[in-house]
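Visitor: Got a minute to walk me through this one?
Guide: Sure, let's pull it up.

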Amino acid sequence: MSSPSPSSGASSPLRDARRSRFTYRQLAQMATYSTSTPLRVVAHIDLDAFYAQCEMIRLGVPEDKPLAVQQWQGLIAVNYPARKWEIGRHCNITEAKKLCPELIAQHVATWREGDDKWAYRDDAAANIATDKVSLDPYRLQSRKILALIKESLPKDLQKVEKASIDEVFLDLSAHIHSELLRRFPELSNPPPSGDAAESLPFPSAAALDWRDDNLVVLEEDQEALDPDWDDIVILMGSEIVRGVRAQIRGKLGYTCSAGIASNKLVSKLGSAFKKPNAQTVVRSRAVLPFLTAIKVTKMRNLGGKLGDQVVSTFGTESVKELRDIPLDQFKARLGEETAVWLYNTIRGIDHSEINSRTQIKSMLSAKSFRPSIKTPEQAIKWLRIFAGDIYSRLVEEGILEYKRWPRTINLHHRHAGQTRSKSSSISSGKALDEQALFTLAKELLHQIIAEGDVWPCANLSLSVGGFEEGVKNNMGIGAFFKKRDETPPLRPFDTVPESSTTEQQSKKPRLDKPSIHRFFHKRPAGDQDPLNVKESLNADQLQPNGASFPQLDQEKNNPEISSHETTETGNSAHFTGLSCLRCKASFADDMSFQSHQDWHFAKDIQDGERVKPTFAGQPAASRGHPPKGSGLASKRGRGGSKLEQGQSKLTFG
Ligand code: CTP
Ligand code: CA
Ligand code: CA
């Protein structure tokens with residue numbers, strides 16, 4: 001860091017006779033990450049077009065080439081060169097290619113039954129029925145980036161919160177505090193009066209060098225004010241962030257954008273303000289003008305129904321106009337808690353902490369089936385994939401290192417609009433591996449099946465939760481996580497039958513039944529928990545454009561959601577890869593595999609195993625192909641059902 005420094009001004013910065021607006025106490029509070037000191041400095045860093053950058057780096061694609069990450073027929077990430085062609089996540093692959101024929105479209109990696117690991121497959125897009133998306137490659141990059149960020153900050157003076165797969169919050173206060181005392185040793189002296197409420201001496205008026213930062217433009221009179229300590233600390237924060245970004249760029253090749261402000265709320269809005277590869281500083285004097293230009297529905301926690309209700313209740317989406325409404329009026333309409341929270345939020349006030357603990361609360365792996373699946377064998381096939389997915393994430397997320405493991409496992413099964421859930425404990429002290437998870441999952445499935453009337457099934461999801469820390473009896477973690485086949489499968493105990501619900505139990509308020517009054521009953525202001533939120537999503541909150549990422553409130557960019565839910569068409573086939581799960585026959589090529597599948601399919605019908613197939617009466621054109629221009633119909637099962645491979649060869653009377 002080069003500026004500001006004591007030598008940058010003509011005189012020592014502390015010789016100015018004026019007093020600062022800030023006190024010795026507020027300065028000292030920086031060292032303890034107090035959330036109330038106005039000298040707090042928080043940064044939000046968000047990777048640009050993250051999945052797209054991961055693919056570009058993996059594939060060595062030049063930076064100016066347009067690239068999008070494809071999931072089935074939809075796009076889940078679009079790099080900045082491709083955005084120039086007006087390609088966005090709303091596009092499907094056909095539309096995108098029309099807009100830009102040179103677009104490089106890389107399909108996400110997928111899990112496929114029979115394979116031990118996810119893989120990038122050329123035929124993934126055509127195998128929505130048998131594949132499940134894996135975001136593991138992106139999680140791996142995310143972990144590397146996070147590790148580098150932590151490495152580039154002083155070990156004992158950092159507070160880093162991973163907010164999603166491609167973003168972090170940093171509380172830089174303690175780091176800056178120590179740097180400030182180093183540069184301005186006079187600040188370490190106690191207040192002359194001995195009273196911590198005494199004002200600090202005013203810093204010298206040396207012009208601050210903001211380099212290439214974006215600064216929110218201010219009214220001239222505001223801009224003319226000499227910089228006080230809040231400006232100096234935020235400038236130092238900006239220098240730190242510039243350094244962190246340079247490390248990420250230099251060592252790993254990724255560009256990211258950042259916002260630097262005095263809290264999470266404003267820093268996050270700041271990072272989105274200018275992209276890609278830029279950083280925006282929102283000085284405290286700039287907060288109000290900065291927010292004025294932002295719609296209330298773009299603010300944290302206000303992107304969904306709550307925001308809509310605020311807009312309809314008060315007849316405006318302008319933050320500026322909402323600021324004219326007295327707190328009492330908010331209280332009358334919104335209830336005490338929400339009113340105070342909203343009143344603060346539109347003024348850029350947010351005292352939420354940066355939470356540096358790794359907060360995995362649960363992991364969920366799911367699949368929606370269109371058409372529904374109809375047999376235990378089909379369900380079990382998916383349970384194996386879910387178990388593999390979850391296990392790999394337990395390992396990927398650093399479970400081994402953190403010595404944390406899940407204590408509960410849940411299975412949710414949806415039939416006829418109703419979800420049944422079963423859960424059981426995972427015993428500690430015994431090995432937990434993919435096979436053990438699979439066995440537990442099957443047990444739960446059998447319990448659900450035993451209740452009867454469970455087919456067809458529209459959605460299955462497996463989750464683990466109740467993470468515990470520490471290792472009992474100094475037992476090596478290796479004892480908990482063993483390779484497949486090393487240990488006998490665990491048996492569940494303490495089975496807790498849950499009542500039928502339509503949604504996974506979660507701390508997050510249901511998004512489809514919003515109530516302003518209820519909004520904060522379950523989640524106090526500022527206590528947002530993206531991990532918990534993401535885990536509570538279910539298949540019905542999927543985007544209509546086919547991306548598996550629900551556009552939910554402020555969580556719309558929480559990237560890990562899609563790993564928890566693959567979307568769209570399910571599978572009524574019993575095949576994976578080129579081997580038939582039913583009769584174990586294997587096939588050298590697609591053609592013979594498909595005709596074998598046709599044979600099973602026809603036989604099923606003959607045997608009366610299937611209900612009259614849903615697609616039997618449909619014109620061939622609607623089978624497996626969305627109507628032109630509609631990314632929705634076949635993917636969401638509305639108006640068209642995906643066929644099994646080879647099925648169109650069959651004719652039905
Ligand atoms: N993502 C997704 N679907 C969404 C939103 C996000 O799959 N509706 C994934 C994207 O693939 C993305 C990552 O989550 O790469 C991070 O999301 P976000 O930060 O919102 O977008 P980026 O693609 O990173 O683009 P930006 O440069 O605007 O941050
Ligand atoms: Ca991003
Ligand atoms: Ca993001």
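**Cysteines, calcium and rings**

Visitor: How many disulfides does a search of the whole structure find?
Guide: Zero disulfides turn up in the whole structure, where a disulfide is a pair of cysteine sulfur atoms within 2.5 Å. Before we go on, this is a predicted model: local features need pLDDT of at least 70, side-chain atom pairs count only at pLDDT 80 or more, and totals for chains, interfaces and linings use all residues. Residues are numbered from 1 along each chain as its sequence is written, chains are lettered from A and ligands numbered from 1 in the order written, and side-chain values use heavy atoms, leaving out hydrogens and water.

Visitor: And C100, buried or exposed?
Guide: C100 is buried at 0% relative accessibility; buried means under 20% relative accessible area, exposed over 50%, partly exposed in between, with a 1.4 Å probe and protein chains only. C457 is also buried, with 0%.

Visitor: Switching to metals, what are the protein donors of the calcium ion (ligand 2)?
Guide: D46 (OD), L47 (O) and D166 (OD), lying 2.1 to 2.3 Å from the ion. Donors are N, O and S atoms within 2.8 Å of the metal (3.2 Å for Na, K and Ca), and water is not among the atoms, so sites may look incomplete.

Visitor: What's the geometry of that ligand 2 site?
Guide: Octahedral, with angles of 78 to 174 degrees among six donor atoms. Six donors count as octahedral if opposite donors are over 155 degrees apart and all others between 65 and 115. D46 lies in strand β2 (residues 42-47) and D166 in the loop between β8 (160-164) and β9 (167-171), so the pair ties together parts 120 residues apart in sequence. Strands (E, at least two residues) and helices (H or I, at least four) are DSSP runs, numbered from the N terminus.

Visitor: How far apart are the calcium ions, ligand 3 and ligand 2?
Guide: They are 3.5 Å apart, and D46 coordinates both. The calcium ion (ligand 3) is coordinated by D46 (OD), D166 (OD) and E167 (OE), at 2.2 to 2.4 Å. D166 and E167 are both buried.

Visitor: New topic: how many aromatic pairs?
Guide: The count is 10 aromatic pairs. Rings of Phe, Tyr and Trp (its six-membered ring) pair if their centres lie within 6.5 Å; planes under 30 degrees apart count as stacked, over 60 as edge-to-face and the rest as tilted. F184 and W229 have ring centres 5.1 Å apart and planes at 80 degrees, so that pair is edge-to-face.

Technical notes. Four donors count as tetrahedral if all angles lie between 85 and 135 degrees; four count as square planar and six as octahedral if opposite donors are over 155 degrees apart and all others between 65 and 115; anything else is irregular.
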